[in-house]
Amino acid sequence: MEELIRKITDLIRNSQKVIVFTGAGVSTESGIPDFRSPGGVWQKYNPEDFYYQKFISSEESREKYWQMSREFYEPLKNAQPNAAHQAVAELEKMGKLDCVITQNIDNLHQRAGSSPQKVIELHGTAVSVSCLACRKKYTREEIQSWLVRGVKVPQCDACGGILKPDTVSFGQSMPARETEEAFHRARNCDLFIVIGSSLVVQPAASVPLEAKEAGAKLVIINREPTYHDSHADVVIHGSAGEVMSKVLKNLKTS
Ligand code: NAD
């Protein structure tokens, strides 16, 4: 492991434009469960209940969705950024970071100190909610207080429209600007580091390969093997916080 960490440190030293690409695994050490590990969200809820088409067409699906969302929001709100988020913010301070591309909706990169304009959120954010009809925006915090008060399916107080968190659901299209920017930046970076993603959710999982095909070095840090390990220059099967804090320590000391 130490030898692999040294390799990652050298790759960062020799790079000018580093992209960090994160998935749910970067936030499990902050107490937010990922989707696919044991104890993850999909062991408790059926993803088929949360397809966008179901959400917009059925009041019953919206009720199930908000029940899940109400529960998921509490650990998300109380979570603190961990050593991996902090190391990514440090890379920006060192002038190494081109951007963070994240599949996460938890806002923890920004809370760790990454500049919001450097964080590309491919799957939206859980900190706000919009009306699908008139686009009125709410904080997720406000909607949580409605849910806690007993509202089962929140509706827009301006027009009665359907409210939905600003996250990208299954069956919903990815945000065009962010997706385009992620692929564009991937083609122009010199080092691409994946942290805590199973690399199965498309099209996000193709972004690392885009970088590799355009000539960047590819590093994957994940607890388990991923589909793209065979394409990577360095693979570490370890914990995001431990690996990234060691990488940062090496960068600062030697
Ligand atoms: P995933 O659940 O498919 O994969 C997470 C990967 O991270 C797994 O392979 C797991 O082995 C690994 N992992 C877990 N803890 C780790 C740790 N401490 N260190 C290193 N690796 C660790 O997640 P994904 O690839 O992000 O895709 C699932 C989708 O779920 C994404 O669209 C994401 O938006 C969403 N999601 C987000 C959050 C969040 O915002 N924190 C949480 C759950 C799911």
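The following dialogue examines the two domains of a predicted model and one of its aromatic pairs.

Student: Into which domains is the chain divided?

Tutor: Neither domain is a single run of residues in the assignment. One part comprises 35-78 + 124-167 and is called domain 2. The other, made of 1-32 + 81-123 + 173-254, is domain 1.

Student: How many residues does each domain give to the contact?

Tutor: The centres of the two domains, taken over C-alpha atoms, are separated by 28 Å. Where domain 1 and domain 2 meet, the contact takes 13 residues from domain 1 and, from domain 2, eleven residues.

Student: Which three residues supply 45% of the area that domain 1 buries against domain 2?

Tutor: Between them, the domains bury about 940 Å², with 55% of it on carbon and sulfur atoms. On the side of domain 1, no other three residues supply more than this trio. The residues are I32, I105 and H123.

Student: How many salt bridges are there between domain 1 and domain 2?

Tutor: The side of domain 1 that touches domain 2 has five nonpolar, five polar and three charged residues. Across the interface, one residue pair is in polar contact. The count of salt bridges between the domains is zero.

Student: Is the pair of F50 and Y65 stacked or edge-to-face?

Tutor: The structure holds six aromatic pairs. For F50 and Y65, the ring centres are 5.9 Å apart and the planes stand at 70°. Planes over 60 degrees apart count as edge-to-face. The pair of F50 and Y65 is therefore edge-to-face.

Student: How many residues apart in sequence are the parts that this pair ties together?

Tutor: F50 lies in the loop between β1 (18-22) and α2 (52-57). Y65 belongs to helix α3 (residues 59-78), so the parts tied together are apart in sequence by 15 residues.

Notes. Residues are numbered from 1 along each chain as its sequence is written. This is a predicted model: local features need pLDDT of at least 70, side-chain atom pairs count only at pLDDT 80 or more; totals for chains, interfaces and linings use all residues. Side-chain values use heavy atoms; hydrogens and water are left out. Domain bounds come from an automatic or database domain assignment. Contact means heavy atoms within 4.5 Å. Buried area is the accessible area (1.4 Å probe) that two parts lose on being put together, summed over both. A salt bridge is a side-chain nitrogen of Lys or Arg within 4 Å of a carboxyl oxygen of Asp or Glu. A polar contact is a pair of N or O atoms within 3.5 Å; within protein, one must be able to donate a hydrogen and the other to accept it, and residues adjacent in sequence count only if both atoms are side-chain atoms. Ala, Val, Leu, Ile, Met, Phe, Trp, Tyr, Cys and Pro count as nonpolar, Asp, Glu, Lys and Arg as charged, and the others, Gly among them, as polar. Rings of Phe, Tyr and Trp (its six-membered ring) pair if their centres lie within 6.5 Å; planes under 30 degrees apart count as stacked, over 60 as edge-to-face and the rest as tilted. Helices (H or I, at least four residues) and strands (E, at least two) are DSSP runs, numbered from the N terminus.
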